[in-house]
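Grab a pencil and open the viewer. Below are a few exercises, each followed by a solution you can check step by step.

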Amino acid sequence: MGARLGRRAGPEAGSEAEAATGCGPAPYERRVRWLREIQSTLRERRPERARQLLRLLRQDLGLEGTLLTDILYRNVAFLNLVDPISHDLLVNLARDLQCPKTDYELWKSSDKICRQLIYHLTPHSKRQQGSSLPRRKTPSCHKSSLQKTLLPGETVSLSGIPLTVRDVQHITRYLGRQGAGLTVLDLSFTGLSDTLLRLLLPSLWTLPRLTQLLLNGNRLTRASARELTEAIKDTAKFPSLAWVDLGNNVDVASLPQPLLVGLRRRLSQRTSLPTIHEGLDPEPEGSVAWATTATSTWGSAAAGPGSEPQACCTR
């Protein structure tokens with residue numbers, strides 16, 4: 001399932017091209033702007049305009065179809081969605097907008113879903129207290145993150161730090177010296193483009209312990225997904241990688257099947273694949289949803305299309 005965004009023309013298509021090349025606002029900023037406009041139009045009791053904005057948002061995230069039934073029956077069966085959380089929230093929002101009960105309930109429930117989407121699509125962990133805007137890290141944060149000696153199993157997070165070519169070159173040298181123990185690298189919301197990722201890839205696929213690579217909220221396109229797929233096909237590259245997060249980028253709506261197969265093959269070589277029984281173990285409060293998500297992600301590859309979706313107005 002790919003995003004056929006080439007059909008769109010006009011200013012939004014132009015802004016997408018700018019986002020991919022590193023100019024203009026990042027894609028997530030455009031999506032958050034649409035969500036805030038949906039909230040305001042619902043407060044003004046203009047549901048038709050809200051539905052138009054929702055359609056734009058779905059297409060921008062790579063979800064096709066104009067009606068709720070299109071989303072449910074055409075897209076729910078795809079098991080390689082790059083951002084299933086956004087997909088589920090958009091389905092709920094479409095249900096609310098098409099099958100409202102009362103004006104008040106429509107605004108209240110839809111506004112809550114919009115807030116959840118905004119939280120998910122922005123660097124929420126960097127928010128300032130009392131502010132709705134994410135706090136951008138300073139270059140000093142970048143410098144301090146790349147000065148420590150890494151122990152086995154450690155994480156490096158550069159999330160929220162805008163990266164330049166010089167920064168990427170610095171990261172490459174740092175990973176060459178200290179990357180042997182790195183397990184998680186978080187490069188989300190750094191403004192990473194296809195060109196910058198291409199410079200970084202050779203230093204990433206040699207990391208022996210890297211299990212998670214977080215690239216969400218950037219300016220990456222399907223070209224980067226293809227390059228990652230080609231790298232994963234070589235078993236000598238990314239020997240321990242278990243997951244790549246490419247959500248909330250320019251036009252990456254789904255992960256290529258060869259990429260998922262390569263990741264699953266690496267995981268199966270180290271441990272048994274998760275089963276449904278693991279998701280039933282007692283979990284601390286707040287972690288059940290994550291366990292269930294992980295189980296369904298890996299266990300569903302052989303299961304085929306999901307169960308029949310509910311009718312649009314079922315609540």
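## Exercise 1: the sheet

The open sheet here has four strands, ordered 1-2-3-4 with parallel pairing. This is a predicted model.

**Task.** Work out which strands sit at the edges, and then follow the pairing from strand 1 to strand 2 and from strand 3 to strand 4.

**Solution.**

1. Start with the edges: strand 1 (154-157) and strand 4 (243-245) each pair on one side only, which makes them the edge strands.
2. Check the twist next. Ignoring direction, neighbouring strands of this sheet are turned by 10° against each other on average.
3. Now go to strand 1 and strand 2, where four bridges hold a parallel pairing. Look for S157 there, with D186 of strand 2 opposite.
4. On to strand 3 (residues 212-214), which runs parallel to strand 4 and is joined to strand 4 by three bridges. Here Q212 faces W243 of strand 4.
5. Finish with burial in strand 2. Five of its five residues are buried, so strand 2 is largely enclosed by the rest of the structure.

## Exercise 2: helix 2 against helix 3

**Task.** Are helix 2 and helix 3 roughly parallel or antiparallel, and which residues meet between them?

**Solution.**

1. Take the geometry to begin with: the axes of helix 2 (residues 27-43) and helix 3 (residues 47-60) come within 8 Å, crossing at roughly 165°.
2. Compare that angle with the cut-off: over 145 degrees counts as roughly antiparallel. Helix 2 is therefore roughly antiparallel to helix 3.
3. For handedness, the crossing of these two helices is left-handed.
4. Now list the partners. Helix 2 brings R30, R31, W34, L35, E37, I38, T41 and L42, and these meet P47, R49, A50, L53, L54, L56, L57 and D60 of helix 3.
5. Sort them by class: the contact of helix 2 with helix 3 holds ten nonpolar, one polar and five charged residues.

## Exercise 3: helix 9 against helix 10

**Task.** Do the same for helix 9 and helix 10: what is the crossing angle, and which residues are in contact?

**Solution.**

1. Helix 9 (residues 194-204) and helix 10 (residues 222-233) have axes that come within 9 Å and cross at roughly 15°.
2. Angles under 35 degrees count as roughly parallel. Helix 9 and helix 10 are therefore roughly parallel to each other.
3. The crossing of helix 9 past helix 10 is right-handed.
4. In the contact, D194, L197, R198 and L201 of helix 9 meet A223, S224, E227 and L228 of helix 10. By class, that gives four nonpolar, one polar and three charged residues.
5. Zoom in on A223, a residue of helix 10. A223 counts as partly exposed, because its relative accessibility is 22%, and buried would mean under 20%.
6. Add one distance: A223 and R198 are 25 residues apart along the chain, with 9.9 Å between their C-alpha atoms.

## Exercise 4: two residues with positive phi

**Task.** Look up F189 and N248: where in the chain does F189 lie, where does N248 lie, and is each of them buried or exposed?

**Solution.**

1. F189 is not a glycine, yet its phi is positive, near 55°.
2. F189 belongs to the loop between strand 2 (182-186) and helix 9. With 5% relative accessibility, F189 counts as buried.
3. N248, also not a glycine, has a positive phi of about 65°.
4. The loop that holds N248 runs between strand 4 and helix 11 (257-270). N248 is buried, at a relative accessible area of 5%.

## Exercise 5: zooming out

**Task.** Place D88, and then collect the overall counts for the protein.

**Solution.**

1. D88 lies in helix 5 (residues 84-98) and is partly exposed, with a relative accessible area of 46%.
2. Between D88 and L117 there are 10.0 Å in space, C-alpha to C-alpha, and the two are 29 residues apart in sequence.
3. Stepping back, the protein has twelve helices and four strands.
4. Of its 315 residues, 44% are buried.
5. Last, take contacts between residues at least 6 apart in sequence: 75% of them join residues at least 24 apart.

How values were computed. Residues numbered from 1 in each chain as written. Predicted model: local features only at pLDDT ≥ 70, side-chain atom pairs only at ≥ 80, totals over all residues. Heavy atoms only, no water. Axes fitted to C-alpha atoms, helices over the stretch in contact; angles between N-to-C directions. Parallel < 35°, antiparallel > 145°, perpendicular 65-115°, else oblique. Left-handed = near helix turned anticlockwise from the far one by under 90°. Contact = heavy atoms within 4.5 Å. Nonpolar A, V, L, I, M, F, W, Y, C, P; charged D, E, K, R; others polar. Buried < 20%, exposed > 50% of the residue type's maximum accessible area, 1.4 Å probe, protein only. Pairing = 2+ DSSP bridges.
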